[in-house]
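Here's a quick tour for anyone opening this one up for the first time. Have a look at the sequence and the 3D view, then read on.

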Amino acid sequence: SGIIDRLTFKGGRPRLVDSVVHAVNGVSFSIAKGEVLALVGESGCGKSTVAKSIARIYTPSGGRIRIDGEEVGGYGHRQMLPVRAKMQMIFQDPFASLNPRQKVRDIVAEPLREQLEARGEGNAKARAREAALALLERVGLNAEHATRYPHQFSGGQRQRIGIARALSVNPGLIIADEPVSALDVSIQAQILNLMMDLRDEFGLAYLFISHDLSVVNHIADRIGVMYLGFLVETAPRDRLFSAPRHPYTRALLSAAPTIDPADKAVEMELEGEVPSALALPSGCCFRTRCPFAFDRCTAERPRLQDVGDGQSVACHLVDEPERDRP
Ligand code: SF4
Ligand code: MG
């Protein structure tokens with residue numbers, strides 16, 4: 001059916017990718033059909049690593065990736081092909097992610113052509129091109145655009161092309177890594193609205209990676225907050241904005257200039273620099289910047305605990321609420 005009912009990612013040890021350590025630790029979540037799960041956090045917190053590991057752009061070293069109950073962590077290209085019919089990725093910079101020497105029609109057709117060829121179906125190229133034309137129209141482009149090259153389009157149009165390409169295989173899940181952060185604000189809204197329309201039309205789920213809380217507030221059903229490769233809090237969107245529990249989440253919400261001050265549940269300032277992922281603090285990864293830190297935070301790494309109402313928090317304050325005052 002091409003629908004992902006449940007997707008689980010379990011991260012493993014920090015690993016070396018292009019000389020940069022990306023620590024993604026024990027990150028585990030599932031995404032329901034038609035759901036938008038947003039991962040937020042400052043740059044370098046491991047959001048993109050999670051996305052790219054699921055899409056298998058990075059090969060995980062120690063983790064587990066399960067899609068529809070299937071372990072795909074060790075899959076090679078050929079084994080991944082049927083999995084790619086279930087999930088596709090769109091990127092922050094559509095220009096960098098589209099082949100400059102390919103016509104738009106062929107860019108959009110390529111994933112479907114690959115799928116049809118792998119299944120030994122005839123006329124793969126022609127059928128995929130025909131589907132590509134319909135998809136270009138669906139995302140707001142037209143047949144005249146089909147024979148042009150990526151450089152002839154604006155940033156917003158290129159993101160529409162990336163979305164059409166992702167849709168070509170009729171996936172259940174689209175992983176979107178900062179898909180609007182390179183675009184002007186007015187264009188951002190158009191692309192987000194298009195993504196939401198497509199969700200309703202195709203029953204798509206999104207894993208939406210963003211550093212921008214106002215964008216996330218606009219589209220997410222559920223939000224996961226990441227810090228230094230750890231998932232520190234997850235909650236339904238309204239719950240996260242109205243009753244954040246983790247000190248890092250509270251700081252992130254306080255610092256968001258686009259959230260109305262009257263809507264802010266708490267005011268909190270974050271001090272200090274993000275520690276290097278090469279030298280993670282012992283215990284809680286956030287303790288070097290946390291105004292609540294106490295002895296247990298140095299000794300013991302907090303686990304993500306269910307605190308009810310769909311909310312989970314990785315903080316020792318959950319067990320010691322009397323300390324929950326700055
Ligand atoms: Fe702060 Fe301790 Fe909670 Fe970490 S576990 S966020 S250091 S109070
Ligand atoms: Mg990133």
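## Around the ligand

Ligand 1 is surrounded by P247, C284, F286, R287, C290, F292, A293, C297, P302, C315, H316 and L317, where a residue counts as near if its C-beta atom, placed from the backbone, lies within 6 Å of the molecule. That shell splits into ten nonpolar residues, one polar and one charged. Here Ala, Val, Leu, Ile, Met, Phe, Trp, Tyr, Cys and Pro are nonpolar, Asp, Glu, Lys and Arg are charged, and the others, Gly among them, are polar.

## How to read this

This is a predicted model, so local features need pLDDT of at least 70 and side-chain atom pairs pLDDT 80 or more, while totals for chains, interfaces and linings use all residues. Residues are numbered from 1 along each chain as its sequence is written, with chains lettered from A and ligands numbered from 1 in the order in which they are written.

## Two helices meeting

Helix α4 (residues 104-118) and helix α6 (residues 155-167) have axes that come within 6 Å and cross at roughly 35°. Helices are DSSP runs of H or I, at least four residues, numbered from the N terminus. The axes are lines fitted to C-alpha atoms over the stretch in contact, with angles from 0 to 180 degrees between N-to-C directions.

On the α4 side, V104, I107, V108 and P111 meet I161, A164 and R165 of α6; contact means C-beta atoms, placed from the backbone, within 7 Å. Six of the residues in this contact are nonpolar, none polar and one charged.

Note on methods. Contact = placed C-beta atoms within 7 Å.
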